[in-house]
Each structure stands twice: as structure tokens, then as C-alpha cells.
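Me: I have a structure open on my screen and would like to talk it through. Could you help me read it?

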Amino acid sequence: MARYTKAKCRLCRREGEKLFIKGDRCFTDKCSYERRPYAPGIAGRMRKKMSDYAIQLREKQKVRRMYGILEGQFRGYFKRADSMKGVTGANLLIILESRLDNTIYRLGFANSRNQARQLVRHGIFNKNGRRVDIPSMQVKPGDVIEVREESRKIPVILEAQEVIARRGCPEWLQSDGAAFKGEVKAMPTREDIQFPINEQLIVELYSK
């Protein structure tokens, strides 16, 4: 499967804001964006006037990179969101937020979405009592996600449990760190996604 293998901190610098791709590191002085808050490359410090298309493209790239999704899959999510009832942009964000890897990250079982994706692929989690290894799987209300018994002493799992106290758990989820378990109480809403995203720009980009 194709995946991004280059330096991830460059993505935050390119989009001009923190995407929290590297989890806890993004909250420390080691964050590359804090040290160099400008685009990578020779012309990174130059101020450029952006066209409407460039603004829309950057917003799409920001969301895509934040959730760690490649272009083809992202476009597929947009088509699905467009066919659903309701507001297309909000539908798109709800679909992305409902991915299994993002849910695990939100529950505090991983320090970043990238780490959550890797843990899922290694079969670390059960969903409703069954082992799962597909990061893009969609969750729904009533789903119970837990760390498999034999995986509960993995250092990255234990470290991530300490982070959730600072990061907090969204209202649509219920996390029980002591039991290494979490439950999906409801589907996420647009209001649950606090990161500054202008999804209408993405809709305008794909509507051309």
C-alpha cells in the first residue's frame, strides 16, 4: 500500500499550522514548526499572494495530511459525503473522524493517528470482541474497542494512556484507560471537531 515516507514535520510547515501528526512531540520545544514556522525549501520564507484555487487546495491538503489519507482515498470519501443527506463538508469530516484509527487516537490508545494506524495494522485491538486490522474501518454507536489482553503491556500503549489526561476525550466517546477499553457513545458531530477547518473550501475545490 502506498504511504508517505518523508519527514512528517515538513507537512505542518507546508500548511502553515500544526497538524499534530507526531502526537506528543508537537506539544514540546522539539516541534519543527515552532522552530521554523515557514514553508520548507529555499523559497519558504517568501510571502506569496495565493489564488482562490491555491487556498482551496491548501485546505484540502491540510485535512488530508492531518488524517493521514492519500489523495485517491480522500476523493472517495468526498464522493461518499456528497451522496449523503446533509451538508457535504460536515459529512466529510464526520466520515474522517469516524475512522477506526482516528477513534483509537481520540480514545488515548495511541499518541498520534499515524501510531494508531500502525497499531491497528498489527492487530493490537478488538472491536466488539473481534480482532481488527483495518485502520479505515468505520465505527458506529455502541462499538466497544479494547486493547487485546496480550498487548496491554506494550510501552507505546502505556505511554499514550498518560497523554489522554492532557488531551482529553471527546464527548462522543467514552474511555476507560484502566480497563484498556473505550466505547463509541454516538456519531461525532461537526461541533466535536475543534481543529480549525474550513470544509467549504474543500467542497468548492471538488465542485469545479
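Me: What is the strand order of the open sheet of 5 strands?
Reply: Happy to help! This is a predicted model, where local features need pLDDT of at least 70, side-chain atom pairs count only at pLDDT 80 or more, and totals for chains, interfaces and linings use all residues. Residues are numbered from 1 along each chain as its sequence is written, and side-chain values use heavy atoms, leaving out hydrogens and water. Strands (E, at least two residues) and helices (H or I, at least four) are DSSP runs numbered from the N terminus, and two strands pair if DSSP finds at least two bridges between them. With antiparallel pairing, the order reads E2-E1-E3-E5-E4.

Me: Which strands stand at the edges?
Reply: An edge strand here has a single partner, so one side of it is left without a neighbour in the sheet. That applies to strand E2 (130–132) and strand E4 (173–176).

Me: Which residue in E5 is the bridge partner of Ile145?
Reply: E3 and strand E5 (residues 181–184) run antiparallel and are joined by 3 bridges. In E5, Ile145 has as its bridge partner Gly182.

Me: Which element gives the most to the largest nonpolar core?
Reply: A nonpolar core is a set of buried (under 20% relative accessible area, 1.4 Å probe, protein chains only) Ala, Val, Leu, Ile, Met, Phe, Trp, Tyr and Cys residues joined through side-chain atoms within 4.5 Å. This one has 20 residues, and Leu100, Ile104 and Ile145 are among those touching the most other members. Helix H6 (100–107), helix H7 (113–121) and strand E3 (144–147) each supply at least two residues. The top contributor, with 4 residues, is H6.

Terms used
Buried means under 20% relative accessible area, exposed over 50%, partly exposed in between (1.4 Å probe, protein chains only).
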